[in-house]
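I opened this notebook to record what I looked up in one structure. The entries are kept brief.

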Amino acid sequence: KGTKYRNFPMVPRVIFGSGCFDQLGEILLPARKHAQAPMIFLVDDVFEGKTLMGRIPAIMEDRIILISAREEPRTGQVDALVRRIRSESPYPPSGIVGIGGGTLLDLAKAVAIMINNEGPTEAYQGWDLVRHPAVYHVGVPTLSGTGAEVSRTTVLLGPDRKLGINSDHTPFDQVVLDPDLTLGVPREQWFYTGMDCFIHCVESLNGGYINAFSRSYGEKAMELCQEVFLGDLSPEESRENLMMASWHGGMSIAYSQVGVAHALSYGLSYVLHIPHGLGNCLVFQHLSEFYPEGVRLFERMMKKQGIVLPEGFCSGLPEEELDLMAQVALEMEPLWENALGEGWREQVGPERIKDIYRKI
Ligand code: NAD
Ligand code: ZN
């Protein structure tokens, strides 16, 4: 029928297992260009003073840069990091290693691209705009759920939009999946980011773009999420399964698309700077008209895990802000089309969306 299929890259190397982070040094060795070309470790500053710092295999001219994940990654921040890395060494780096949650993984991917491409970073927000391959880059997740460790995008807040650098050069060359690194994650954060994965599955499996490839990953991720959030796993099994759920959830949306929750969460985070995982949960609880089965499961998971979502974010918001949020959400056309089909515009408009926001 003349269908044009997408041909996309996958992470070529992955190591998995409790304590495997200690093999990072030997993994990086063949990627080192020469003694003066440093490895740059971008590390979530939540690890400052923690034992993880001493386990980072930084040698010779390598640099460890601590970065706060309190704010989502910005294009200007990527430009500044690239300038700093270039100014601190006369030789281009051997590679970039991101250690942290989705925020640090996205920063590492973006910096690796921008080391080999002319700035500014905002010029590459969009689809397939990156010309030169990124420098070698490694992702080490310390928080499970976003799927950023497998995805082909890095979501950045630019001067006038929040948009990913979607390209064949974005995925990591190597991922290190050590479930023990997620040990210290605060309980709420664990739930919110875990639900990002669960919601990826619901949106992918219930969307019109679904196909056997996406379903095979989405169903596995969904099963793992239910074991983690509704079952009675040991803490160790739970960490392992959520890490693999995140991976499969990310693979599932690679070949399909997210849906209503992500469109609305995007509006929330654009206007109110609510973090991605929490924003998804705040929105998803009110989406039973779109995802009845998914929302029922979500409610059971909240109850079982004793999670109470914060409220009062939008109730007193001026009308213009709600309008802007609805506008941003409605601009995510492929997400709506995936969720509701080609005739989605007849089903949703600003009023229906603002009614959902007002409940948050
Ligand atoms: P995050 O990286 O923003 O981290 C959330 C909090 O958890 C931070 O305070 C961080 O310091 C802390 N944290 C992380 N690991 C920890 C650990 N082991 N112990 C204690 N604290 C720890 O959270 P996230 O939900 O993983 O990522 C959200 C970001 O990911 C957003 O910027 C979003 O846009 C992005 N994202 C990207 C993709 C993609 O495909 N590229 C997909 C979904 C989301
Ligand atoms: Zn998400």
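The entries below cover the ligand shell, one residue and one sheet.

**Entry 1: the ligand shell.** I note at the outset that this is a predicted model. I first listed the surroundings of ligand 1 and found 30 residues, of which Gly-101, Gly-102, Thr-103, Thr-146 and Ser-151 come nearest. Sorted by class, the shell holds 16 polar, 10 nonpolar and four charged residues. I then asked which helices supply at least two residues each: they are H4 (102–115), H5 and H9 (276–284). H4 gives the largest share, four residues. I also looked up the domains: because domain 1 (14–182) and domain 2 (187–358) both contribute residues to the shell, ligand 1 lies between them.

**Entry 2: Phe-191.** I located Phe-191 in helix H5, which spans residues 187–205. Is Phe-191 buried or exposed? I counted 22 C-beta neighbours inside 10 Å, and the cut-off for a buried residue is 20 or more, so Phe-191 is buried. Leaving out residues up to four places away in sequence, I found that Phe-191 touches Gln-305 and Ile-307. I also checked Leu-233, which is 42 residues from Phe-191 in sequence and 15 Å from it in space, C-alpha to C-alpha.

**Entry 3: a three-stranded sheet.** I traced an open sheet with the order S5-S8-S7 and mixed pairing. Strands S5 (126–127) and S7 (155–157) stand at the edges; each has a single partner strand, so one side of each has no neighbour in the sheet. S7 and S8 (residues 162–166) run antiparallel and are joined by three bridges. I noted Leu-157 opposite Lys-162 in S8.

Terms used
Residues are numbered from 1 along each chain as its sequence is written. Chains are lettered from A and ligands numbered from 1 in the order in which they are written. This is a predicted model: local features need pLDDT of at least 70, side-chain atom pairs count only at pLDDT 80 or more; totals for chains, interfaces and linings use all residues. A residue is buried if 20 or more other C-beta atoms lie within 10 Å of its own, exposed if 12 or fewer, and partly exposed in between; C-beta atoms are placed from the backbone. Two residues are in contact if their C-beta atoms, placed from the backbone, lie within 7 Å. Two strands pair if DSSP finds at least two bridges between them. A residue is near a molecule or strand if its C-beta atom, placed from the backbone, lies within 6 Å of it. Ala, Val, Leu, Ile, Met, Phe, Trp, Tyr, Cys and Pro count as nonpolar, Asp, Glu, Lys and Arg as charged, and the others, Gly among them, as polar. Domain bounds come from an automatic or database domain assignment.
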